[in-house]
Each structure stands twice: as structure tokens, then as C-alpha cells.
Amino acid sequence: MEPAELDVLGLREQLFHERVRECLICTLLFASLYILCHFIITRFKKHADFTAVEDDEDAAVDRIALSMCTFTLAVSLGAVLLLPFSILTNEVLLLFPHNYYIQWLNGSLIHGLWNLVFLFSNLSLVFLMPFAYFFTEAEGFAGSKKGILARVYETFVVLLLLTLLVLGMVWVASAIVDEDAGSRESLYDLWEYYLPYLYSCISLFGVLLLLLCTPVGLSRMFTVTGKLLVKPRLLEDLDEQLNCTRFEEAALSRKISAIHPSGLSPSAGPTSCWLSLNAALLRERFLAIQSRRLALELRRGASPWQRNLGYPLAMLCLLALTGIAVLVVCFHTLELLLDDAAMPRGIQDAPLGQASFSIFGSFGAALQVVLIFYLMVSSVVGFYSSPMFTRLLPARQDTPMTKIIGNCVSLLVLSSALPVFSRTLGITRFDLLGDFGRFNWLGNFYIVFLYNMLFATLTTLCLVKKFTWAVRAELIRAFGLHKLPLPVTRTRQPSKLC
């Protein structure tokens, strides 16, 4: 063979090995996320006993729905890690540009990960999660033979009708918003335009949901962290809470012993139905108070360093991260008025290893990653704290499959909008790769500017309200004013004249 042919063959072989390496890395990453998400879902999923022979069908349906939920949650976690992984990859390539052992970190791998996350997000939102919900609720059409195939047939029919309804609604919405005939005709192209347009609408909904949930979550993070950590003795009297819990536990134990003289277990003597129900409620309340007493004893046994240093440091870190996030958004809002490059945009090739995405170098990139994770955790806390979505909060070993499906869909909507959310607010300068940058509303200056203004305003208002109320409550508690009896004001009724 000639030298030119050998060079072409060597280049093809190199490209083949690079593609195989990227496929292996993506497979290993997704397999790791899938295993982790499987343990998370099984921790919260309600255990169902399928012991009878006729329950084999329900057990198979449950396993199929569980695998789809695990896949969706793995995609959600991958979407959360997508932007931080890309930023850290760029910094690693800047620090070690010629290292042989990190050559697998390249733009092709990052671009492939972005495309896979976008594809799997569409697949989960459009097909897998609706299929899992309808498949769980399906029983087969009336008159048909019962079995898995009957449920699958009913699920596909319902999905087909739902797909026609959604496609029609999107086509009508596009015709109302954009009067151009060419844009309406392009909707007939299902793969190239319709699905990206539909995902653009879903992403816009996710970004708006993040706009509402993140400011609430940023203010709620202080309360959640305060419940997890041990407060100093000035702010919390654990001895008083522990004594009250012990007295309540002893009182409940005496009541249960009076109903069942043999102890906490039901006695063999005949009891009426209402006594049995009362005993069950008392036992449930007794176990809850007992677990609370054990948690208080563990918190009471905390070291002075953990009590007096851990809580203030955690509060200062939360305050610093929140303040930095608000300052970054305010600076990005001013930058939007002066520089067109501050607008979020999409690119098809990632220029990795050329320049840092932060003016502070590696420290700034690490801070961007921390802020992205912090905003995501805050948005999840705010989502489950809102009155509209409080019922979706999963309980350990007591969450039905339908609620698990709802949680997976909600987390996927939030996480898939996180890269767009972070770039729109200016948390990072890493531009959106692949189809993430094809959203129509990203190029609208007024939408992006108004979004930044609303986020900064809502976050500031939530924090001001939170801290003013928290400072008042802590001062009242520290000085013991909460123990004082409240004054009772009696309003005088006007006398009625005869």
C-alpha cells in the first residue's frame, strides 16, 4: 500500500478507536447513574407484595414502570452534572494540556454527552413517562383478554390519542404566535422542527418553574439547614425539648398499657373495633415520638465544636453563596445592556482547553460549579416547599408508583432546564451545546433581560422577608419572650338600643 493510503487508514482507525472509547465512557457513566438512581427509587418506593398467581401481571407492570422511572431519574441526574462536568473538563485541559492520560477528555466527548442528554430527555418526557403512567393505570379494554399485551395495547392507543392532541395544540399555538406560513409548514417536519419546538416549550416551562422555585428555595435553605444541624444553646434549648418529649412518651406508654395490659403488643382478650383503632393510632404516635426523642438525644450529644462552630459556618456559607448568586445576576443584568455577547447562544463545537470561562481562572470555574449545584438544590427545596407541589414529596418506603412517576417528571423538567437557566442568569459563560441552544426564545433580549430582573427581585424579596422574620423569631426565643402569656384583648360589643 502507498504511504497516502496508510495515512488514511491510520486516520480512520484512530477515529474508530476514539468513537469506541466515547461510547464506552458514556455507557459507564450512564450505568453508574442508573444504579445510583435505582437505589434511590427503591428507598422511597412503597413495597408491594405480589404473592398470588394472578399478581404476576401486576408485578411485571411494576418492574417495567420502575425501570422507566430509574432511566428518567438517571437522565435528570445526568442533566444536572452536564454543565459542571463541561466546565471542569475545560479547566483540566487548561492545567494539563499535553497529558496523555486525560486525552479522552475532549470536545467530541462533551458534545456527545450534551446530545445524548437532550435525546434521552425528549424520549423520557414524550414517551417513557406517559407510557409508564398509562401502563400502570391500564387494565385492558372491556371484552379483551386480560394480560400484559392487553395493557400494552390500551396504553399505545391512549398515547396515540394524547400525541395527536399535543401535536395539534402545538401547531395551533405556533400558528397563533407566528403568522408566517413557512413556520407553520415547517411543523410538518416532525424530527427536525416539531420535536425541538415542543422541547423548547417544555424547556421554557422548566425555566419559568425554576424562576418561581429557586428564590423560595434560597430562603428555605436556611430553615432546612437549621433543622439538620445542631444549633448553639443560645438559639435552641434541647434539654427542654427532650424533657417534654420524654413526658409525652411516658404518657402515651401508660395509655397503651391501659388498653393492652400485656404491654405494647395487643392482648389476647376481646377488644372492640374502636379500641383497636385507638390503640393502633396511639402506637403510631408513640413510635414517632420515640424516634424524635432518639434524634434529640443524638443532637444533645453533639460536640461543642459541632454545636458552636458548625451551625454558624453553615449559615455563613449559605449567606455567602446566596449573596454571590444575586450579585452575579445583577452584574449580568447590567452587562446585557452594554454587551451583546452576554446574551445566551448555542454553539455546535465546544472550544475546550483554550481559555477559562471565568475571569478568576480555576477558582472562578470551581465557584461556578458550586453555584450551579447550589441553585439546583435550592430549586428542588423550593419546588417541594410550594403549596402546589407539597403533595408530591416522597416518603421513605411509602411512595406509590404514580407519585414516583410524577416526581421523576418534575425533576427531569427542572434538571433539563438547568443549563439554560444557568447560562441565562450569567452564572457561567459556557455556551449551550447542540440542540440546547436552538430554543427560539433565547435570542429575545427582552425575555432574557426581564428574566434576570425578576430573578434578582424575587430572590431579594424572599431573603428580606425570611431574615426579618427569622431575626424577630430568634430574638424572641433567645430572650424567652415566647414563654410569656399572650395578652387577651376583649372587644366591647356596642349596646343595642331598644
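This report describes the confidence of a predicted model, one pair of its helices and one of its serine residues.

The model is predicted, so that local features need pLDDT of at least 70 and side-chain atom pairs count only at pLDDT 80 or more, while totals for chains, interfaces and linings use all residues. Residues are numbered from 1 along each chain as its sequence is written, and side-chain values use heavy atoms, with hydrogens and water left out.

The mean pLDDT (the predictor's confidence in each residue, from 0 to 100) of the protein is 77, and 73% of its residues reach 70 or more. Two stretches have pLDDT below 50, and the table gives their contacts (heavy atoms within 4.5 Å) beyond near neighbours in sequence.

| Stretch | pLDDT | Contacts in the model |
|---|---|---|
| residues 262–271 | below 50 | 12 contacts |
| residues 488–498 | below 50 | 0 contacts |

Helices here are DSSP runs (H or I, at least four residues), numbered from the N terminus. Helix H2 (residues 56–95) packs against helix H3 (residues 107–137) at an angle of about 155°, and their axes, which are lines fitted to C-alpha atoms over the stretch in contact, lie 9 Å apart. H2 and H3 are therefore roughly antiparallel to each other, a term for angles over 145 degrees on a scale from 0 to 180 between N-to-C directions. By class, their contact has 21 nonpolar, 7 polar and no charged residues.

Ser-219 lies in helix H6 (residues 190–228). With a relative accessible area of 10%, Ser-219 is buried, which means under 20% with a 1.4 Å probe and protein chains only. Leaving aside residues up to four places away in sequence, Ser-219 touches Cys-462, Leu-463 and Lys-466.

Methods: Helices (H or I, at least four residues) and strands (E, at least two) are DSSP runs, numbered from the N terminus. Buried means under 20% relative accessible area, exposed over 50%, partly exposed in between (1.4 Å probe, protein chains only). Angles under 35 degrees count as roughly parallel, over 145 as roughly antiparallel, 65 to 115 as roughly perpendicular and the rest as oblique. Ala, Val, Leu, Ile, Met, Phe, Trp, Tyr, Cys and Pro count as nonpolar, Asp, Glu, Lys and Arg as charged, and the others, Gly among them, as polar.
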